[in-house]
Amino acid sequence: MPDTQALVNDFLNKLKKRKIEGSQATARQTAELLRSVISQQRMPYTNQAGALIDAVKAVGEQLIAANPVELAVGNIVRRVLHIIREEDLSLTTAAIGGLNLSAVSDDENDDDRDGDSTLSAAAVAAAARSTLRPPSLQTLLEDTPVSAAVPQTSSSGGDSEGKSKSADKSSRSRKLKHDVIEAVNELIQDIVTCHEQIAEQAVEHIHQNEVILTLGSSRTVLEFLFAAKEKKRSFRVFVAEGAPRYQGHLLAKELVARGLQTTLITDSAVFAMISRVNMVIVGAHAVMANGGVIAPVGMNLVALAAQKHAVPFVVLAGSHKLCPLYPHNPEVLLNELRSPSELLDFGEFSDCMDFGSGSGSPLLHVVNPAFDYVPPKLVSLFITDTGGHNPSYMYRLIADYYSADDLVVQRRATAGN
Amino acid sequence: MWHRSASFILDKNQNDTVYPADSVTLTPPPPSISTPQNPNPNLNRNMSMSAYYQTRAAHHGVVTSDWLAQSQEAATRAVATGGQEIVDGGKSGRAFSVIDEFNNWRKQPDLAEAVAAIRALAAVIRNSEAKTMMELEIELKKASDSLKSWDTTSISLTAGCDLFMRYVTRTSALEYEDFNSARSRLIERAEKFGEISYKARKIIAMLSQDFIFDGCTILVHGFSRVVMEVLKMAAQNKKLFRVLCTEGRPDRSGLRLANELAKLDVPVKLLIDSAVAYTMDEVDMVFVGADGVVESGGIINMMGTYQIALVAHSMNKPVYVAAESYKFARLYPLDQKDMGPALRPIDFGVPIPSKVEVETSARDYTPPQYLTLLFTDLGVLTPSVVSDELIQLYL
């Protein structure tokens, strides 16, 4: 598949050079790329889901390695893997149901394959379904958690292949691919429309004459505030400028253009202003499985100020930002150091940063981290496209979106980087 | 609140009057004489040792010889009371006793309490003459109740029984039409449980590896098989880390952990239990095991865990709990005294005058807000997930 390979390489380059800004754009493009990978994938006669999963995984690992800090890439890869597993499963259960009705002899044959002559088809289906669910106490004593907890590539694919032997193979192969692509299209649609879905909830959270504080710029926040304004709420917005990139300036401009009362403040003025604020609403770069937030630098400061004055700290995040990993040492591992040119003017400071002077290393160092980690206890509420959630509830959303198998596999992949 | 009620104090006073002969002089005799020949007479007075901690002491404890003698004495008494219960349970006329079976399994040092419980219940199924699923269920229920009431202090015993009962009632009847195959499947699953438990420890160790980074200092409290597994795997993965072990009074199980870690060439330092706050600022994370994980997401663990968690919390250090999911128990303690105490004799080295009361509770409850994450075989969980899992299972 030379054409997909070219697409993949192109995207890899963009990721490596940090050409794609924002997790939404990254997520959408990743999903689109994976969709074309899937559609180009030749389907073997057996173990089709397995082939698809392997193909997506191979591309996914490269993408994650290209920009490990952009967690949205990994999230989308896992979402697509989960979609493949789900679609395969629904086809399998449908096939088993059909078999059950049509022929008894077939059914028995099916059971022998599973090594337990008494297991009914319904039980097989139930067991297969539980491989998708994260391991739980319910399944602890059953057979399945063993395979679910210990990563086994495409275990469900292997099963299904045997069961479908009497089903019409060619129609099924087309069906699986078709269903998966359909579902990925839905995922892309979700990513594109997540702003609107989050913004719909704005009126429930923003009340008349309130003062809202935000930091930096986030399209989600902009849409959210604007949606409240559209519903005839009048309120003030304080925008902290978000040094060193000053994206707050852009947000302030946009807000004013849309007719909102806006006040621009410096980041250092946040603590001074917070006592007047009713609610802090910010965007996020990624949300971790424990409810911690990776957000533009300076956010932890705002969160701490908000906590000090008991101001609700609300984080808006599309579901593509939910990451199933736990942050270990997030300040270092999940951060990116950007160019010092955002802080300093090279012309003026070139002397201090000269490697030729004195000891051989410059006296002036510039550290410009892109992200902050906000621990879950500082967050009051997450608003995602599915509604408002407590930080401790994040794991549940993640369990819905990702299958346990993929977390472990990808973790090994990221650890290898 | 049994312990604060007036009747409790009354009972205590009565007890004191029953044993007037035990009173000892306030001046401690020279230690050279007292330790070898006089192993704390008042300890044997009106307290028995929790069966759970008896096993733990036998398996993990580094104990002094006189303390061992005491616990043995306490053990014989506990067995005697256990024997009574067996007679009670024997009303049904069977020679087989689930408690004996349980105790046999429990003697194996590498076997978790819940595994022993489930194996004992499997033996019940095997010995049962039930002809229908309903009969078998009733029989099992009886057996698990007697097992639970035999040692109310062991949370994992209760949790293990509940889990297995739940499995029997929920799945078996639905999936199998044939009673015999259902029965053999139950037995097979129960016998696999030892393997599940072993595997659970491996999974937990694997999950926690990401959290142990090079150059970190880990504080551990007492001896826990899971924590041992975690640290062992980290050492095998060539991680560079240092372990601070608390002594783990009174059974001094921390000594054993320190011993085993030293065998793995992990740098290890022993602390007395009261040195935790003193050393906390050099600690990067606290790792503890758990006797049981309760519905709130808090844990019940060896005495001292609560204060370590409090110190760690106040110094902003993460507290990680490693616990297998079959330790999740349907309890919701509201405070420390909310559960029946598990008693354990304490060796003070000198005789304690009879008027001095000794706190012999062996475990405490650590509320969820002081715990950072739980490493279980179900994944890395925040404390609030525990109740969710339990609700899903038992609702």
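In what order do the strands of the open sheet in chain A run, and is the pairing mixed? The order is β3-β2-β1-β4-β7-β9-β10, 7 strands in total, and the pairing is indeed mixed. Keep in mind that this is a predicted model, where local features need pLDDT of at least 70, side-chain atom pairs count only at pLDDT 80 or more, and totals for chains, interfaces and linings use all residues. Residues are numbered from 1 along each chain as its sequence is written, while chains are lettered from A and ligands numbered from 1 in the order in which they are written.

**View 1. The open sheet of chain A, edge to edge.** At the edges sit β3 (261-265) and β10 (387-389) of chain A, each pairing on one side only; two strands pair if DSSP finds at least two bridges between them. Strands and helices here are DSSP runs numbered from the N terminus (E, at least two residues, for strands; H or I, at least four, for helices). On average, neighbouring strands of this sheet are turned by 25 degrees against each other, direction ignored.

**View 2. Strands β1 and β2 of chain A, with two helices on the sheet.** β1 (residues 211-215) and β2 (residues 236-240) of chain A pair in the parallel sense over 5 bridges. In β2(A), A:A240 is the bridge partner of A:L215. Helix α14 (residues 299-308) of chain A packs on the sheet and touches β1, β2, β4 and β7 of chain A, its direction making about 160 degrees with that of β4(A). Helix α11 (residues 219-230) of chain A lies across β1, β2, β4 (279-283) and β7 (313-316) of chain A, at about 135 degrees to β4(A). Angles run from 0 to 180 degrees between N-to-C directions, with axes fitted to C-alpha atoms, for helices over the stretch in contact.

**View 3. Backbone oddities in two loops of chain A.** A:K232, in the loop between α11 and β2 of chain A, has phi near 70 degrees, a positive value in a residue other than glycine. A cis peptide bond joins A:A243 and A:P244, with omega about 5 degrees. A:P244 belongs to the loop between β2 and α12 (247-257) of chain A.

**View 4. Helices α5 and α6 of chain B.** Helix α5 (residues 98-106) and helix α6 (residues 113-127) of chain B pack at about 140 degrees, axes 8 Å apart. That makes α5(B) oblique to α6(B): under 35 degrees would count as roughly parallel, over 145 as roughly antiparallel, 65 to 115 as roughly perpendicular, and the rest is oblique. On the α5(B) side, the contact includes B:F102 and B:W105 (contact means C-beta atoms, placed from the backbone, within 7 Å). By class there are 8 nonpolar, no polar and 4 charged residues; Ala, Val, Leu, Ile, Met, Phe, Trp, Tyr, Cys and Pro count as nonpolar, Asp, Glu, Lys and Arg as charged, and the others, Gly among them, as polar.

**View 5. Helices α6 and α9 of chain B.** The axes of α6(B) and helix α9 (residues 179-208) of chain B come within 9 Å and cross at roughly 165 degrees, and the two are therefore roughly antiparallel to each other. Among the contact residues are B:I118 and B:L121 of α6(B) and B:L186 and B:F193 of α9(B). The contact divides into 10 nonpolar, 2 polar and 4 charged residues.
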